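Here's a walk through one protein model, aimed at someone who'd rather look at residues than at plots. Have the structure open and turn it as you read.

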Amino acid sequence: MPALANQRTAYLNGEYLAESQVLLPFRDRGFLYGDAVFDTTRTFGHRIFRLQAHVDRLYRSLRYLRIDPGLAPEQMVAVTEEVLERNRHLLDSEGDYWVSQRVSRGVASVDGEEPPRAGATVLVECTPLPLRERAALYRDGIRVIVPAQRRTPAEALSPRAKTSNYPNMIVADQEVSAIDPGAWAVLLDMQGHLAEGRGSNLFLVSAGELLTPKALNVLPGISRQTVLELAAELGIPCREADLDLYDAYAADEAFLTSTSLCLCPVRSINGMQVGGEEVFGPVTRRLIEAYRVLVGCDFVEQYRRHSR
Ligand SMILES: Cc1ncc(COP(=O)(O)O)c(C=O)c1O
């Protein structure tokens, strides 16, 4: 079928399908209630980075929500690799994918009716990285704004689980976009400590020391963990801490980490410039260099090559 040959392929409940054929019942509980979890890794040079760590985090999120995906972690790894395999030919030499596993509790039952299918809904799919959209961030740095909206506390729903329930951070993004389109939200937790953004963790550099919010009220990002490991290797002192806006305003450097960004400098926080005139401070530069070597890809250049 030539019309499908140029389409990405996704895995849905045991089948590999062209994306246009991936259809979910509207009573899927992921859609009805956000009763689902997901995880996302990315490729570098068309190869998946730290897939096992992402699948391990996915299974911790599943356990927290008491969802049985019906697949063992090794099968999830194999399916994810297969999805990439089936889509690799659609990437150009400069591009890379986000590769995501999404698992919902399944389809809600209707009293007295046979459910269309029993068990969890498992979807594995890939999406080209937004290299064009984000290219300017690696030239200008990220403008961060702290919204009034606070990060959901662990007492309500642990931010350590990566659930498909993002309105807390989406509302924060909406608030920030209304103030400064293009700025990124970083939320405070209920105690007023810096927490995280929709899809990113925060780091500050203060007097040569690397600081990041404690993992209790944030998703422990795989990229965050990668930076912590690289800092240890480079001998950069590093600590998880309760940080507030005072720390952010006083910081010499700041950056965000995420699967897609890796690490990207923050230029300003609530309009206050971070550090000196250089967008990339010295500690940020060292860590980016080490990250590039680790992943075997110059991700800064990859983004910049896509500037419009
Ligand atoms: C809420 C949240 N915080 C932080 C991150 C960064 O995590 P990672 O580095 O694993 O992408 C993500 C993205 O997965 C996220 O959704």
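What follows covers the cores, two helices that cross, another helix, and a few residues with positive phi. Keep in mind that this is a predicted model.

**The cores**

Start inside. The largest nonpolar core has 49 residues, and helix α10 (residues 282-295) gives the largest share of this core, 6 residues. Leu194, Leu210, Leu256, Leu287, Tyr291 and Phe299 have the most contacts inside that core. Click on Tyr291 and you'll find that Tyr291 touches, among others, Phe49, Val227, Leu230, Cys262 and Phe299, leaving aside residues up to four places away in sequence. Another core, of 24 residues, lies apart from the largest one, and Val55, Ile67, Tyr97 and Ala120 are among its members. As a rule, nonpolar side chains in soluble globular proteins tend to be buried together.

**Helices α3 and α4**

How do α3 and α4 cross? The axes of helix α3 (residues 51-65) and helix α4 (residues 73-87) come within 10 Å and cross at roughly 130°. Because angles over 115 and up to 145 degrees fall outside the parallel, antiparallel and perpendicular ranges, α3 is oblique to α4. The crossing is right-handed. On the α3 side, Leu51, Gln52, Val55, Leu58 and Tyr59 make the contact, and they meet Pro73, Met76, Val77, Thr80 and Glu81 of α4.

The buried residues of α3 include Leu51, Val55, Leu58 and Tyr59, along with His54 and Arg57. Their cover includes β3 (36-44), β4 (47-48), α4, β5 (97-104) and α8. α3 has 15 residues and reaches 21 Å from its first C-alpha to its last, close to the 21 Å expected at 1.5 Å a residue.

**Helix α8**

Helix α8 (residues 222-234) passes a similar check: its 13 residues should span 18 Å at 1.5 Å a residue, and its end C-alpha atoms are 18 Å apart, which agrees. Buried residues in α8 include Ile222, Ser223, Arg224, Thr226, Val227 and Leu230. Among these, Ser223, Thr226, Val227 and Leu230 are touched by Tyr291.

**Positive phi**

Here are the residues to look up on a Ramachandran plot.

| Residue | Phi | Place |
|---|---|---|
| Asn13 | near 45° | loop between β1 (9-12) and β2 (15-18) |
| Arg66 | about 55° | just after α3 |
| Gly235 | near 75° | following α8 |
| Asn270 | near 50° | loop between β14 (262-269) and β15 (272-273) |

Are the two asparagines buried or partly exposed? Asn13 has 25% relative accessibility, so it counts as partly exposed. Asn270, at 31%, also counts as partly exposed.

Terms used. Residues numbered from 1 in each chain as written. Predicted model: local features only at pLDDT ≥ 70, side-chain atom pairs only at ≥ 80, totals over all residues. Heavy atoms only, no water. Helix = DSSP H or I, 4+ residues; strand = E, 2+ residues; numbered from the N terminus. Expected span 1.5 Å × (residues − 1). Buried < 20%, exposed > 50% of the residue type's maximum accessible area, 1.4 Å probe, protein only. Core = buried A, V, L, I, M, F, W, Y, C linked by side-chain atoms within 4.5 Å. Contact = heavy atoms within 4.5 Å. Axes fitted to C-alpha atoms, helices over the stretch in contact; angles between N-to-C directions. Parallel < 35°, antiparallel > 145°, perpendicular 65-115°, else oblique. Left-handed = near helix turned anticlockwise from the far one by under 90°.
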